[in-house]
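Hi there,

Here is the structure I promised to pass on. My notes follow right below it.

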Amino acid sequence: MRIVTLSNHPGAQLRQERQRRATADDRKHAEFEDARAQHHARVQLARESRDEARAQHRWLTWLRSVFAVRREQRLAPTPPLPAGTAGAREAALKAGITGEQQVEAELERVLGDDWTLLRGYSNRRGEIDHLLLGPQGLIAIEGKHHNGTFHCDGDEWHFDKYDNYGNLVAAGRPIHDRGGRSPSVQLNEPASELEGFLRSRGQQVQVRRVVLFTHPKSRLGNCRNLTVRVATSTDYVINLVNGSPPVLDADQLSQLQRLIIRDHEFHRAHRAQRARRK
């Protein structure tokens, strides 16, 4: 199986999160150094006042100055703790990347050179983690690396979270992206957009859609009225491939790959142009 990386959005986000932490550390360190310099100046001034009072034999003023010096010394700023530990957002991104790498490795072990995995395709409706293209068709995969039991009714999704001992710690927690879209909507919107684009270019291909939970403790609960396929193992995708007859020849595969890449690049350039105008 060949792998074509169109974009690495989770990796870019992870780098941004790490840069944000590093920037926060630098800012805290600069603030600490400034506070320490100001504190040193105040202590020095208090010592000079104390020494001047002693030289002039103003003993009451000297005694007060002694206490003033000690008071200033106790007010030394505390060195900042590093922001260094990863937050929930960074942990989620790392987990997502782990899940994506797992999908790639498991598919690569099974599928031959007539298959291509396109990573990080996006259009105006969103991003698709993986597009798997081969003789048996085109499959869009949205990976989720969460520990829990997942339930869905159509496009409404939620999950129950359990601890390592099997105790329920959170029930009915909704699953959605930052735009409020459930996993099925998150996948269906860009997949339908891609399907329409390919048909407008004469390629009558169906985009099959799979939401794949990659965490080893992921479980499926009550799922009904599904608008996508749902699985907890890459084996599901492999069985979907093996259970389908070939529908695309080498020429069609080559044309589809070129169209998908061209469409992705078009939307990436459009987003960059819009960002420059802001």
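How much area does the protein chain expose, and what share of it do carbon and sulfur atoms supply? The protein chain exposes about 16000 Å², and carbon and sulfur atoms supply 50% of that; accessible areas come from the Shrake-Rupley method with a 1.4 Å probe, and for residues only the protein chains shown count as cover.

A word on conventions. This is a predicted model, in which local features need pLDDT of at least 70 and side-chain atom pairs count only at pLDDT 80 or more, while totals for chains, interfaces and linings use all residues. Residues are numbered from 1 along each chain as its sequence is written, and side-chain values use heavy atoms, with hydrogens and water left out.

On to the fold. The protein chain has six helices and 10 strands, taken as DSSP runs numbered from the N terminus (helices: H or I, at least four residues; strands: E, at least two). Of its 278 residues, 41% are buried, meaning under 20% relative accessible area, with exposed over 50% and partly exposed in between (1.4 Å probe, protein chains only). Among contacts (heavy atoms within 4.5 Å) between residues at least 6 apart in sequence, 66% join residues at least 24 apart.

The largest nonpolar core (buried Ala, Val, Leu, Ile, Met, Phe, Trp, Tyr and Cys residues joined through side-chain atoms within 4.5 Å) has 30 residues, and Leu131, Leu138, Trp157, Leu194, Leu198 and Ile260 have the most contacts inside it. Elements giving two or more residues to this core include strand 3 (126-134), helix 4 (183-200) and helix 6 (250-277). Helix 4 gives the largest share, five residues. Another core lies apart from it, with 16 residues, among them Met1, Val103, Trp115 and Leu240.

Helix 4 deserves a look of its own. Its 18 residues reach 26 Å from first C-alpha to last, close to the 26 Å expected at 1.5 Å a residue (1.5 Å times one less than the number of residues). Its buried residues include Leu194 and Leu198, but also Gln186, Asn188 and Glu195. Among the elements covering the buried residues of helix 4 are strand 2, strand 8 and helix 6. After helix 4 comes glycine 202, with a positive phi near 85°.

Lastly, the cysteines. Searching the whole structure gave zero disulfides (pairs of cysteine sulfur atoms within 2.5 Å). Cysteine 152 counts as buried because its relative accessibility is 3%, whereas cysteine 223, at 25%, is partly exposed.

Best wishes
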